[in-house]
Every structure is written in C-alpha cells, then in structure tokens.
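Biologist: Before we discuss any details, could you put the model in front of us?

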Amino acid sequence: CQTDVAMTDAGALLVYRGRTQAEVRDILAIRRSGDGWAAPVRVHADQWEIAGCPVNGPAVAARGAQAVVGWFTMGGGVPLLQLARSSDAGGSFAPPVKVDEGAALLGQVDVALDGQQAWVAWLREDAGGQRVMLARYTPDLARELQRIEVARLQGRGRATGAPRMVADPRGLWLVWTDVVDGVAQLRGAHVTR
C-alpha cells in the first residue's frame, strides 16, 4: 500500500497501512522531528483483517498543527471511506467521519486542506461506470459543505483513478487517470469554492 506524507508545525507526518502478526491492517501515523521518529499512533482501530496487501493506502494533508487523514477500510466487512482529524500535528486523532460506504466504493483516496475546508476525493464504480467524487468539509470535519461528481471515467478497474489534489487560495486542483481506447490519459479539473 502506498504511503503519504505532509509537513506539520511539528515536523513531517507520515501515514501508512500497518500490519500486525494477526494480519490486522489499521492506518498508522508517525511523525519525524529534529529528534527522530516518534512512536506510531493508530489513526483509528478499524481492525481490518486481511492476509495480503489491499493496495490502497491512506492520504494525509496538513496545515500548521491541523492534519486530516483519509483512508479506505473493510474493517467491518463493508467497504468504507473515512476521514480523521488531528489538531496536534498527528499526535492523536479524533474519531473518524464516514464519507462513503458500500460495494461501489473503490479504495483510492486523496485529501487536501486549506484555511477554510478539508477536501476528499475518491472513486466509485457501479454498473454505470467509474466516477471521481469530491466532498468538502469544515476544517474540524463536523459538517459536510458540498459533495459533487467531478467526472465520469471511460475506463474501469484499477488502471483508472488515483485522484491527486492540492488546494490553494483559488480553490482545488484535482487530477486523475482515465483509460480511453486502451490508452492511459491524465485528466484534471479546477474546483472553486
């Protein structure tokens, strides 16, 4: 599973899908400062037990001491996309917010954070095809501000997707991969508030 990293006021915050001897795959966060690496912190105890790598790690974004982590899990047997917030640069995390769930949910996710909101992008695939979804939340994740379908993809399966984004004062820049006539293509959108 891929890892992700963001800079906080307290140093680099790295998130990854951990693995125990019992094959439990919870998301962990670890911070590096001038003193070295701190002990890993569990973002949330999903208790997803799977004997293999699910190939869909977490995403993290940070601004000052605020950090947001987004991830996919099947800890309860149902596909679930969650967000969790840290107000102490990844030292601890609040209980997660459920963003989406169900069989159509794919495991690819990205997050971004600016002064006004937290953003999360993810993929869904059903009989109608794949879609890139985007939602905005208040910075504390207490309230969803908006949810939109950004694009319908021509491709299907794991060759498409992998949304990546960055927020700036003018809004959000979002890119993803689509497969058109067997050829991978990079697509993108600029979303304003």
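What follows is a set of questions and answers about this model.

Biologist: What kind of model is this, and which pLDDT do local features need?

Modeller: Residues are numbered from 1 along each chain as its sequence is written, and side-chain values use heavy atoms, with hydrogens and water left out. This is a predicted model, in which totals for chains, interfaces and linings use all residues, side-chain atom pairs count only at pLDDT 80 or more, and local features need a pLDDT of at least 70.

Biologist: Which strands stand at the edges of the open sheet of three strands?

Modeller: The order is β14-β15-β16 with antiparallel pairing, where strands are DSSP runs of E of at least two residues, numbered from the N terminus, and two strands pair if DSSP finds at least two bridges between them. β14 and β15 (residues 171-180) pair over six bridges, with G161 opposite T177 in β15. A single partner strand is available to each edge strand, so one side of each is left without a neighbour in the sheet, and these strands are β14 (161-168) and β16 (183-191).

Biologist: Is S86 buried or exposed, and which side chain makes a polar contact with its side chain?

Modeller: S86, in strand β8 (residues 80-86), has 0% relative accessibility and therefore counts as buried, a term that means under 20% relative accessible area, with exposed over 50% and partly exposed in between (1.4 Å probe, protein chains only). A polar contact is a pair of N or O atoms within 3.5 Å; within protein, one must be able to donate a hydrogen and the other to accept it, and residues adjacent in sequence count only if both atoms are side-chain atoms. At 2.8 Å, the side chain that makes this contact with the side chain of S86 is that of D88.

Biologist: At what distance does the side chain of D100 make a polar contact with the side chain of R124?

Modeller: D100 is found in strand β9 (residues 97-101) and is buried, with a relative accessible area of 12%. The polar contact between the side chains of D100 and R124 has a distance of 2.7 Å.

Biologist: Which residues form the one aromatic pair in the whole structure?

Modeller: Rings of Phe, Tyr and Trp (its six-membered ring) pair if their centres lie within 6.5 Å, and planes under 30 degrees apart count as stacked, over 60 as edge-to-face and the rest as tilted. The pair is edge-to-face, at 5.8 Å centre to centre with 75 degrees between the planes, and both partners are buried. One partner lies in the loop between β5 (41-44) and β6 (59-63) and the other in strand β7 (residues 66-73), so the pair ties together parts that are 24 residues apart in sequence. The residues are W48 and F72.

Methods. Helices (H or I, at least four residues) and strands (E, at least two) are DSSP runs, numbered from the N terminus.
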